[in-house]
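Visitor: I would like to go through this model step by step, with the reasoning spelled out for each answer. Could we begin once the sequence and structure are on display?

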Amino acid sequence: MMDKSLLSLKGFKSTMVLLTVLALCSGAAIILQAKYLAQAITGLFNGEKLSQQFLPILLFIVFFLLRQLLALLRDRYMQSFSVKSGSAIRQSFTAKLFNLGPNATETEGTGNLVTMALEGISQLETYIKLFLPKVINMALIPLMIAAYTLTLDIRSSVILILVLPTLIFFMAILGYAAQRKADKQYESYQTLSNHFVDSLRGLETLRLLGLSKRYDRNIRQVSEQYRKSTMGTLKYAFLSTFALDFFSSLGVAIVALFLGLGLLGGEIVLLPALTILILAPEFFVPIRDFGNDYHATLDGKNALKAINKIISLPASKVDEDTSITQWGHSSRLEVDSLTFQYEEHESLTDLSFSCKGFSKIGIIGASGAGKSTLVNILAGFIQPNEADIQINDVHVPDFSLVDWQKQILYIPQHPYIFNDTIANNISFYTKNATREDIESACKRAGLAEFIQSLEKGLDEQIGESGRSLSGGQQQRIALARAFLDSNRRILLFDEPTAHLDIETEAELKRQMSPLFKDRLVFFATHRLHWMMEMDQIIVLELGKIVEIGTHEQLLERKGHYYALTQAQMQGTEVQNG
């Protein structure tokens, strides 16, 4: 019923103790308000004056208000606790995503991860806020009421206790069915999220190719599938609510029937009978509340499972102990016998290469050659199975070193644009940047004219619900981030212009070239015109290095690189890998 991962929440034990105390106090308040209300009504029924009922009425009001106050305190505390817990889980989730690197988004889907980080955390907070107090109330308050009614009328108490298992039985059956439906609904939701984000990202390309209407139909089909899953879940939720209301009402009716017969037969007097009749609906309220909110929290429970699945993935180890010096003109990197195996297949096999100082290394190859995998290894996102690596004469097992990663600027094919202003997007990784520094970086990245055309300039909101950007503008944001950070001396590019048209790429190339100065650059691409800018070219094929050399040297050899250039010159450009 309760996800075991909730036990690991910070402050969970103290929260459960507090909820238990509040539930006991609420149960006592419910019993006492029923007792004094019954006293006041019984006194008036027996002909006593209204003034004589002042004390019972006053006590009834006091315990009624106490009950409401306890509920208010509980709700406010749970609101605070759920927000703090959600914030902690969000931090752990995003930290793990940063640790896993781009491979996580490729495996799990960008839309799915964005949904988890935003809506998933909100649903999780609702789950924590509603589930924990309701399950405590359901466990304690009915028992307290049953125990108290036992002192007033054994038969009524037995009826309540006998109805309770029937109610819980139907709630469990329908809850299990609703859980299965909710699991399918969440899977449909993840599919819809990924499909929508991927389609949105490639919308301009789809329009250009005349395929936008086809993808419009695809989104409609996925949305319809999600709608059907949602309606299926709601059917079980409504059925569960009906069953809870029916059996609880039936239980109260049976108690009322036997109390009436008892009054007529003189087996019980009015005061205890009226007290029991007031308490009988209260006996079922915690169970009905739990049943109703259970369906409202299923999405949160599923989101927690999905988030914990990501958090529990093996973390990329980060070496904080090994120290390496800042990369400079005389620095040297040597990689020998690097092998990486992915899902029982070798993606990279026995790679060996070296570079020195501020050189530009091009990584070229056809689709599936292993370019992106090599860049991810160089960034420390993934670790090779085997490798002999030396950085400035220091032997290291892989590139997951704090001192190495602090020197890296990574520019992927699709830079992430935060839902924030242009200025904050550019300075996101460089918090101490001044306004003048940001403006200078924008000029160097070719953003100045675009920013001047905006009403709010650097304060214009972009990303998600803000202004949408073209692919070229997104890359310029990434370039501006790189220009703003002059301390990092290692640049990693993973197909940064693969989705851009030739004209936009040519303009970006002019603005990108100054960024290469006084830096070690690894540039992975399938577009060969970049290779003329490189000091050394690594040619990959099926995860192996088949050639290394300069552009001129490789053309003279007339090997794999020469074949790639000829293929592109003939209009059969190698597709993005």
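Visitor: How many of the nine residues of helix 10 (residues 371-379) are buried?

Guide: The model is a predicted one, and burial here means a relative accessible area under 20%. In helix 10 the buried residues include Lys371, Thr373, Asn376 and Ala379, and just after helix 10 Gly380 takes a positive phi of about 85°. Helix 10 is largely enclosed by the rest of the structure, because its buried residues number nine of nine.

Visitor: Which residues of strand 9 (residues 490-494) are buried on each of its faces?

Guide: In a regular strand the side chains alternate between the two faces of the sheet. Strand 9 is mostly covered, with five of its five residues buried. Both faces are covered, and the buried residues are Leu491 and Phe493 on one side and, on the other, Ile490, Leu492 and Asp494.

Visitor: In strand 10, which residue is the bridge partner of Asp494?

Guide: Strand 9 has pairings with two strands to consider, and with strand 6 (residues 408-411) it pairs in the parallel sense over four bridges, where Ile408 has Ile490 as its bridge partner. Strand 9 also runs parallel to strand 10 (residues 520-525), to which it is joined by five bridges. Within strand 10, the bridge partner of Asp494 is Ala524.

Visitor: Which residue of strand 12 (residues 544-549) does Val539 stand opposite?

Guide: Strand 11 (residues 536-541) is mostly covered, since five of its six residues are buried by the criterion of under 20% relative accessible area. It pairs with strand 12 in the antiparallel sense over five bridges, and the two strands form a hairpin with two residues between them, where Leu542 in the turn has a positive phi of about 55°. In this pairing, the residue of strand 12 opposite Val539 is Glu547.

Visitor: In which sense do strand 3 (residues 360-365) and strand 11 pair, parallel or antiparallel?

Guide: Strand 3 and strand 11 are joined over five bridges, and one of the facing pairs has Gly362 opposite Ile537 in strand 11. The sense of this pairing is parallel.

Visitor: What distance does helix 1 (residues 12-45) reach from its first C-alpha to its last?

Guide: Helix 1 has 34 residues, for which a rise of 1.5 Å a residue gives an expected 50 Å. Just after helix 1, Gly47 takes a positive phi of about 90°. The reach of helix 1 is close to the expected value, at 49 Å.

Visitor: How far apart in space are Gln39 and Leu270, C-alpha to C-alpha?

Guide: Gln39 is found in helix 1 and counts as partly exposed because its relative accessible area is 27%, which lies between the 20% and 50% cut-offs. In sequence, Gln39 and Leu270 are 231 residues apart. In space, their C-alpha to C-alpha distance is 9.5 Å.

Visitor: Which helix gives the most residues to the nonpolar patch on the surface?

Guide: The nonpolar patch is formed by Leu44, Leu50, Ile57, Ile61, Phe64 and Leu65, with about 520 Å² of accessible area together. Leu65 lies in helix 2 (residues 54-100). With four residues, the helix that gives the most is helix 2.

Visitor: Is Cys442 buried or exposed?

Guide: Cys25 offers a contrast to start from, because at 36% relative accessibility it counts as partly exposed. For Cys442 the relative accessibility is 2%, to be set against the cut-off of under 20%. Cys442 therefore counts as buried.

Terms used: Residues numbered from 1 in each chain as written. Predicted model: local features only at pLDDT ≥ 70, side-chain atom pairs only at ≥ 80, totals over all residues. Heavy atoms only, no water. Buried < 20%, exposed > 50% of the residue type's maximum accessible area, 1.4 Å probe, protein only. Pairing = 2+ DSSP bridges. Expected span 1.5 Å × (residues − 1). Patch = residues over 30% accessible without salt bridge, like charges linked within 9 Å, V, L, I, M, F, W, Y side chains within 5 Å. Areas by Shrake-Rupley, 256 points an atom, 1.4 Å probe, with all protein chains shown as cover. Salt bridge = Lys/Arg side-chain N within 4 Å of Asp/Glu carboxyl O.
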